[in-house]
Amino acid sequence: IKLKNRMIRSPMWSRTSSADGEVTQQLLDMYARAAKGRPSMIIVEAMAVIERYSWPESQLRIDDVKFMPGLRRLVEVIHLNGVACEFQLHCAGTFGRDPISPSGVACYGLGRASYVQPRAISISEVEEIRDRFITGAVRAKELECDGIVLHGSTSYLLQQWVSPRTNKRTDRYGGIFENRIQLPLEIVRGIRQKCGPSFLIGYSMVIDELFPDG
């Protein structure tokens, strides 16, 4: 894809979806106004790929076909102004409704002023989350979205997976760096296989966690 300028609107959580993750008219109006400003691309705010691991607050969802009509309209209002569109796919991990993490390492809660104690997830749960990310990307392509961005930062699940500070696993998904990046790589490879070579895949990541063991 050739972008028409260097301005890309970053994904910013608006909390304007419905309580169960549906696209609302308020959300559509907000993105329509953003598209009229003519950036080259808009990355839509974080969408939950699996409801039970989403934020406790209102968050867009892409984990069920019932959300497709609203998301299709969202893509349309962005494309209407000649602006490319990507969805940011997200799993809240430690900071979701059911706090989970690679190894159950307690983390300071964002906006909670207290520590959160997540539980470590099983291999079967890891594989389910991997497949839900891939399915979310497939649905985005079906909606004629130009691509997706995997949310691999801000201490959410994918960042905690890569970090030696929070990933203490002893199975194939833990230990050395090459093992800790297996989950993100499996997601990216699965999306590429299902969505083809022209579908955009972005990945946000943290360069330095600013912890000595990060």
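Why does leucine 3 count as partly exposed? Its relative accessibility is 31%, and partly exposed means a value between 20% and 50%, so leucine 3 gets that label. Keep in mind as you explore that this is a predicted model.

## A patch on the surface

Let's stay with leucine 3 for a moment. Leucine 3 sits in the segment before strand S1 (8-9). Together with Ile1 and Ile8, Leu3 forms a nonpolar patch on the surface. The three residues of this patch have about 260 Å² of accessible area together.

## The largest pocket

Now turn to the pockets. The largest pocket has a volume of about 360 Å³, and 19 residues line it. If you want to find its centre in the structure, look for Val162, Ser163, Phe177, Met205 and Val206, the lining residues that lie nearest to it.

Several elements help to build this lining: helix H4 (157-162), helix H5 (177-180), helix H6 (182-195) and strand S9 (200-205) each supply at least two residues. Sorted by class, the lining of the largest pocket has twelve nonpolar, four polar and three charged residues.

## The second largest pocket

The second largest pocket holds about 270 Å³ of space. Its lining is made of 13 residues, and Cys107, Tyr108, Ser155, Arg165 and Phe211 are the closest to the centre. Two or more lining residues come from strand S5 (107-108), and two or more from H4. You have met helix H4 already, in the lining of the largest pocket.

By class, the lining of the second largest pocket divides into six nonpolar, five polar and two charged residues.

Notes
Residues numbered from 1 in each chain as written. Predicted model: local features only at pLDDT ≥ 70, side-chain atom pairs only at ≥ 80, totals over all residues. Heavy atoms only, no water. Patch = residues over 30% accessible without salt bridge, like charges linked within 9 Å, V, L, I, M, F, W, Y side chains within 5 Å. Areas by Shrake-Rupley, 256 points an atom, 1.4 Å probe, with all protein chains shown as cover. Salt bridge = Lys/Arg side-chain N within 4 Å of Asp/Glu carboxyl O. Helix = DSSP H or I, 4+ residues; strand = E, 2+ residues; numbered from the N terminus. Buried < 20%, exposed > 50% of the residue type's maximum accessible area, 1.4 Å probe, protein only. 1 Å grid on protein atoms, 1.4 Å probe; cavity = no way out; pocket = protein on both sides within 12 Å on 5 of 7 lines; lining within 4 Å. Points joined across faces, edges and corners; volume = space filled by probe spheres on them. Nonpolar A, V, L, I, M, F, W, Y, C, P; charged D, E, K, R; others polar.
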